[in-house]
Amino acid sequence: MSEHKYKVVPSTAQEKVYRCKVVGDAAATLHVGARKLNVQVRETCGGGFTLGLDPKQVKKIRLGARYEMHYDDRRLLVAPEVFTQAVQGEPRLQVLTVREYEPKKRWAFRLPFSKGQRIVKHEGTIGSTAAYGGFVLVLFCVMALPGVGDKLGTAPRIEAALNIMARNFGDVFESFRG
């Protein structure tokens, strides 16, 4: 015969949340809209973190919203849950981890003849792709300049290529109009 004829479900009062204090470098960045707030991670637990804030930062954070947090080379989507009692004048905020993002792929710009040493590391974002495209466009324009391009022998070739592209675009445009 069983000891209990009913299910045992822990109530919220019985649930225990184990929190671990963070020792060492606990700096994190919380992205609130366009602002980046510097916060300190004071405790971690299985489902989130406890953050230490500057008192001026408290009014910028809305409970229930979702923010991106950068901590320990990780990118996390967090949701502020509750402000807890301040410790030594430092307000504390408990946040839940909603999602942990994959690490961003990085690319590096290498100068010729640099023996494979990375010069500048960039995160793979749209801005870095646009910067690389702009660099290629500037290089292309310099090679097409009359003085530089004539000495290198690239100006006539670039001019011929642009003329061919202009004719082809003209033919395509005429086919759409007609």
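**Close-up views of a predicted model**

**View 1. V82 and the residues it touches.** Leaving aside residues up to four places away in sequence, V82 is in touch with L63, R92, L93 and Q94. This is a predicted model, so read every value below as computed from it. V82 sits in strand β6, which covers residues 74-87. One of its partners, Q94, is 12 residues away along the chain, yet the two C-alpha atoms are just 5.5 Å apart. V82 counts as partly exposed because its relative accessibility is 34%.

**View 2. R92 and E90, a buried salt bridge.** Here the side chains of R92 and E90 pair up, with 3.1 Å from N to O. Buried or exposed, where do R92 and E90 fall? Both of them are buried. There's a third player too: R42 joins E90 and R92 in one network, built from salt bridges that share partners. For the overall tally, the structure has four salt bridges.

**View 3. R74 and E100, bridging two strands.** The side chains of R74 and E100 form a salt bridge, again with an N to O distance of 3.1 Å. This one ties together distant parts of the chain: R74 belongs to strand β6 and E100 to strand β7 (residues 90-100), with their positions 26 residues apart in the count. R74 is partly exposed because its relative accessible area comes to 30%. E100 is also put down as partly exposed, since its relative accessibility is 46%.

**View 4. R75 and E68.** Another salt bridge pairs R75 with E68, and its closest N and O atoms are 3.6 Å apart. How exposed is E68? With a relative accessible area of 23%, E68 is partly exposed.

**View 5. Two loop residues with positive phi.** D73 has a phi near 60°, a positive value even though the residue isn't glycine. Look for D73 in the loop between β5 and β6. Its relative accessible area is 83%, so D73 is classed as exposed. Q88 is the other residue in this view: not a glycine either, Q88 has a positive phi of about 55°. Q88 is in the loop between β6 and β7. Q88 is exposed as well, with a relative accessible area of 83%.

**View 6. A positive patch on the surface.** Which residues gather in this patch of positive charge? They are R35, K56, K59 and K60. K56 is placed in the loop that runs between β4 (48-52) and β5 (67-71). K56 is exposed because its relative accessible area is 64%, where exposed means over 50%.

**View 7. A nonpolar patch on the helices.** Y132, F135, V136, V138, L139, V142, M143, L145, V148 and L152 make up a nonpolar surface patch of about 880 Å². The elements giving two or more residues to the patch are α1 (126-144) and α2 (146-152). Of these, α1 gives the most, with seven residues. Y132 is one of the patch residues, and its place is in helix α1. At 48% relative accessibility, Y132 is counted as partly exposed.

Conventions: Residues are numbered from 1 along each chain as its sequence is written. This is a predicted model: local features need pLDDT of at least 70, side-chain atom pairs count only at pLDDT 80 or more; totals for chains, interfaces and linings use all residues. Side-chain values use heavy atoms; hydrogens and water are left out. Patches are made of residues with over 30% relative accessible area and no salt bridge: like charges are joined within 9 Å, nonpolar side chains (Val, Leu, Ile, Met, Phe, Trp, Tyr) within 5 Å. Accessible areas come from the Shrake-Rupley method with a 1.4 Å probe; for residues, only the protein chains shown count as cover. Lys and Arg count as positive and Asp and Glu as negative; His and the chain ends are not counted. The place of a charge is taken as NZ of Lys, CZ of Arg, CG of Asp or CD of Glu. Helices (H or I, at least four residues) and strands (E, at least two) are DSSP runs, numbered from the N terminus. Buried means under 20% relative accessible area, exposed over 50%, partly exposed in between (1.4 Å probe, protein chains only). Contact means heavy atoms within 4.5 Å.
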